[in-house]
Amino acid sequence: MSDAVQPTAAEVRAAAEAVKAALDRHLAAVERRTGDDDPDVYEAFNELAAAAEEYDELLYDRYDEVTPFEIPGGDDTLPPYTGPEEPNALSVVIRRDYAVVEPQRLLAQAQRVEAVEEDGATATEGFDAASGTVHGALGILFGEFEPDEIATRHKEFGLEEGDSTLWVTAADEPAEPGEWLETPFESIDPQRVVCRFDVSAVFDEESDDDDLDDDDLDDDLGPDGETDSPDPLDADR
């Protein structure tokens, strides 16, 4: 990192003071907690984690030094549920990431959609300008197909799946029409998440690591598929 963008010593010192203050707030919240799921403790915990992470980053940027703190990630767990026991309404929030790996396939699919919509259009002419750009093609395809259909047919559209997540959140009452459309993702309360389902290549990599022991076992098999153990166990023992 260049000197021009390095944090100053004063900024690192201020971050350290912020960690000390966050430690005091966290301890105070723990001392006056009212139960296992006390929201004040949860909030103080998050503030302490954020302050420690900020200090760790500034310390490294300025002095190339690290702290012994391990900041727990917020993606693997959810805070305690505080929503209604019998929800009267639900919101389902879905995020799916894709990489555009075959733009020409994507453009061709968008042109096919336009060909159907335009009377007498051919496969090579008569299309709107939108179908000739990746940006426009995405708008056409996501406007024509349901997200679930695109998810199951993503390869046909030149897309490659990335991570995805689905959150089900509970509400006391259904939202009024148009109430959250301008900011659809800002009103999500993690403490009202009933359940969530994540899909990621990270999980596949972890499974591959777990399978290494099985691969090692396969290496011990002889050409006939039997183990090379010199002293096989007696089946009656």
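This is a short tour of the structure, stop by stop, with something to select at each one.

**Stop 1: the whole chain**

Keep in mind that you are looking at a predicted model. Show the chain as a cartoon and you will find seven helices and three strands. Going along the sequence, they come in the pattern α-α-β-α-α-α-β-β-α-α. The chain has 237 residues, and 22% of them are buried. Among contacts with a separation of 6 or more, 71% are between residues 24 or more positions apart.

**Stop 2: the sheet**

Select residues 89–100 for β1, 159–171 for β2 and 193–199 for β3. Together they form an open sheet in the order β1-β2-β3, with antiparallel pairing. Which strands stand at the edges? They are β1 and β3: each has a single partner strand, so one side of each has no neighbour in the sheet. On average, and ignoring direction, neighbouring strands here are turned by 10° against each other.

Now look at how the strands are joined. Between β1 and β2 there are eleven bridges. To see a pair on this side, select Val-93 and Trp-167 of β2, which stand opposite one another. Between β2 and β3 there are six bridges. Here, select Val-168 and find Cys-195 of β3 opposite. Then pick Leu-166, whose bridge partner in β3 is Phe-197.

**Stop 3: an aromatic pair**

Next, show the side chains of Phe-145 and Phe-157. A search of the whole structure finds one aromatic pair, and these two rings form it, with centres 5.1 Å apart. Why is the pair called tilted? The planes of the rings are at 40°, and angles that are neither under 30 degrees nor over 60 count as tilted.

Follow the backbone away from each ring. Phe-145 is in the loop between α4 (134–144) and α5 (147–152), while Phe-157 is in the loop between α5 and β2. The pair therefore ties together parts that are twelve residues apart in sequence. Are these residues buried or exposed? Phe-145 is buried, at 17% relative accessible area, and Phe-157 is also buried, at 1%.

**Stop 4: the largest nonpolar core**

Keep those two residues on screen and add Leu-106, Leu-107, Ala-110, Val-113, Ala-137, Ile-140, Leu-141, Ile-150 and Leu-159. With Phe-145 and Phe-157, they make up the largest nonpolar core, eleven residues in all. Both α3 (103–117) and α4 supply at least two residues of this core, and the largest share, four residues, comes from α3. In soluble globular proteins, nonpolar side chains tend to be buried together.

Zoom in on Leu-159. Apart from neighbours within four places in sequence, Leu-159 is in contact with Tyr-98, Ala-99, Val-100, Val-101, Ile-150 and His-154.

**Stop 5: a second core and helix α2**

Now select Val-12, Leu-48, Leu-58 and Leu-59. They are among the ten residues of a second, separate core.

Colour residues 39–63 to bring out helix α2. How many Å should its 25 residues span at 1.5 Å a residue? The expected value is 36 Å, and the end C-alpha atoms are 36 Å apart, which agrees.

To finish, show the buried residues of α2: Val-41, Ala-44, Leu-48, Ala-49, Ala-51, Ala-52, Tyr-55, Leu-58 and Leu-59. Add α1 (9–31) to the view, since it is included in what covers them.

Terms used: Residues are numbered from 1 along each chain as its sequence is written. This is a predicted model: local features need pLDDT of at least 70, side-chain atom pairs count only at pLDDT 80 or more; totals for chains, interfaces and linings use all residues. Side-chain values use heavy atoms; hydrogens and water are left out. Two strands pair if DSSP finds at least two bridges between them. Axes are lines fitted to C-alpha atoms, for helices over the stretch in contact, and angles run from 0 to 180 degrees between N-to-C directions. Rings of Phe, Tyr and Trp (its six-membered ring) pair if their centres lie within 6.5 Å; planes under 30 degrees apart count as stacked, over 60 as edge-to-face and the rest as tilted. Buried means under 20% relative accessible area, exposed over 50%, partly exposed in between (1.4 Å probe, protein chains only). A nonpolar core is a set of buried Ala, Val, Leu, Ile, Met, Phe, Trp, Tyr and Cys residues joined through side-chain atoms within 4.5 Å. Contact means heavy atoms within 4.5 Å. The expected span of a helix is 1.5 Å times one less than its number of residues.
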